[in-house]
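Trainee: Before I use words such as buried, core or edge, I would like to hear how each of them is justified. Could we take them one at a time?

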Amino acid sequence: MTTPQENAATCREFIQRVLNEGDISYAEKMLADDFVDHSPMPGTAGDKASAIAMFTMMRAQTPDMHIEVEDVVADGSKVAVRSTMTGTDTNGFMPGMPPTGKAFSMGGMDVLTFDENGLNTEHYGIYDIPGAMTQLGLMPPPGG
Amino acid sequence: MDNVDVVRNLEAAYNARDYDAVRQILAADVACHTPGSEMLPAGIEGCIASNEGAFTSFPDRRTEVLDAFGDGDRVVTHVRMTGTNTGGIEWAGIPANDKAIDMDWIQISRLQDGKIVETWAQMDIPKMMVQLGAMPAPEGM
């Protein structure tokens with residue numbers, strides 16, 4: 001049985017290795033085979049394979065992406081992560097969008113659930129996508 | 001009362017528009033870091049204005065705490081909000097259109113001496129904008 005502190009450490013290592021460094025093997029290792037993403041990218045299955053494909057896609061769209069962990073709260077089998085992603089919109093904010101070449105900063109909140117072996121079984125996340133798209137000039141500011 | 005119960009009570013007080021209770025739970029100078037909160041007055045008055053704004057837009061507004069857990073001085077909540085846009089959403093330039101919303105947010109609250117002193121939240125605004133007909137659904141939905 002992993003402790004909340006161990007699960008929290010896994011979250012930090014996951015963000016550093018998988019998202020910041022592109023080490024997909026750590027995602028293969030730490031996501032449970034029956035992993036479920038309750039906030040999948042539109043049009044994707046939300047399973048382990050589609051989550052890994054999304055990490056690869058994110059790094060391809062924004063090669064200099066960096067996620068800074070601002071806070072981690074862990075209790076029982078749950079961990080919440082508050083973070084800020086920064087990067088340069090090099091290949092399109094999302095696939096199919098025209099690259100703007102501009103820098104953006106996007107806040108995010110994730111809640112993750114771990115099993116008794118310390119594997120990540122569930123994920124739910126909300127990100128300030130409107131804020132980032134406004135910075136890139138891809139969306140008008142609210143009300144404007 | 002533990003910190004998780006304090007945050008649950010705040011959601012109940014917002015639902016009941018019981019601002020005496022809200023004032024017991026939030027510190028007067030509570031700092032809110034939700035995107036968009038810069039458009040509101042600072043501190044507790046901004047929180048009350050935000051709740052009243054939600055009731056103006058969605059008079060049948062209700063929230064439900066889907067998940068809550070805590071660690072030390074911080075509490076995490078995942079909250080679902082449902083309602084019907086019969087009042088219009090001024091900040092987004094959306095008129096009343098009777099469309100139903102079902103959206104959510106994740107919040108971290110920091111407590112000190114039993115009161116909430118700081119919050120950070122991310123709300124699923126795109127989901128709400130699609131439901132309101134103000135934004136096209138992303139491809140694949």
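Mentor: We can, keeping in mind that this is a predicted model. A good place to begin is B:Arg8, which lies in helix H1 of chain B, residues 3-16.

Trainee: Why is B:Arg8 called partly exposed?

Mentor: B:Arg8 has 17 other C-beta atoms within 10 Å, and since a residue is buried at 20 or more and exposed at 12 or fewer, that count falls in between. Leaving aside neighbours within four places in sequence, B:Arg8 is in contact with B:Val65 and B:Ala68, whereas the C-alpha atom of B:Met135, 127 residues further along the chain, is separated from that of B:Arg8 by 32 Å.

Trainee: Which residues of H1(A) are buried?

Mentor: In H1(A) the buried residues are A:Asn7, A:Ala8, A:Thr10, A:Cys11, A:Phe14, A:Ile15 and A:Val18. An α-helix has 3.6 residues a turn, so residues three or four places apart point the same way. The cover over the buried residues of H1(A) includes helix H2 (24-30), helix H3 (48-61), strand S2 (66-75), strand S3 (78-88) and S4 of chain A.

Trainee: How do you know that the span of H1(A) is close to the one expected?

Mentor: Helix H1 of chain A, residues 4-20, has 17 residues and reaches 23 Å from its first C-alpha to its last, and this is set against the 24 Å expected at 1.5 Å a residue. After H1(A) comes A:Gly22, with a positive phi near 80 degrees.

Trainee: What makes S1 and S2 of chain A edge strands?

Mentor: The open sheet of chain A has five strands in the order S1-S5-S4-S3-S2, with mixed pairing. Strand S1 (31-37) and S2 of chain A each have a single partner strand, so one side of each is left without a neighbour in the sheet. Neighbouring strands of this sheet are turned by 25 degrees against each other on average, direction ignored. H1(A) packs on the sheet, where it touches S2, S3 and S4 of chain A, and its direction makes about 165 degrees with that of S2(A).

Trainee: How do you know that S4(A) and S5(A) count as paired?

Mentor: Two strands pair if at least two bridges are found between them, and seven bridges join S4(A) to strand S5 of chain A, residues 120-127, the two running antiparallel. One of the bridge partners in S5(A) is A:Ile126, which is matched with A:Met109.

Trainee: By the rule of two bridges, what joins S1(B) to S5(B)?

Mentor: Three bridges join S1(B) to S5(B), and these strands run parallel; the rule asks for at least two, so S1(B) and S5(B) pair. In S5(B), B:Thr119 is the bridge partner of B:Cys32.

Trainee: Which residues have the most contacts inside the largest nonpolar core?

Mentor: That core has 51 residues, and those with the most contacts inside it are A:Cys11, A:Val72, A:Val79, A:Ala80, B:Val76 and B:Ile116. Strand S4 of chain A, residues 103-114, gives the most to this core, with six residues. As for B:Val76, its contacts beyond four places in sequence are A:Val73, A:Ala80, A:Val111, B:Ala68, B:Phe69 and B:Ile108.

Trainee: How many residues of chain B are in contact with chain A?

Mentor: On chain B, 25 residues are in contact with 24 residues of chain A. S2(B) gives the most to the side of chain B that touches chain A, with four residues, and the residues of that side divide into 14 nonpolar, six polar and five charged.

Notes:
Residues numbered from 1 in each chain as written. Chains lettered and ligands numbered in written order. Predicted model: local features only at pLDDT ≥ 70, side-chain atom pairs only at ≥ 80, totals over all residues. Contact = placed C-beta atoms within 7 Å. Nonpolar A, V, L, I, M, F, W, Y, C, P; charged D, E, K, R; others polar. Core = buried A, V, L, I, M, F, W, Y, C linked by C-beta atoms within 7 Å. Expected span 1.5 Å × (residues − 1). Axes fitted to C-alpha atoms, helices over the stretch in contact; angles between N-to-C directions.
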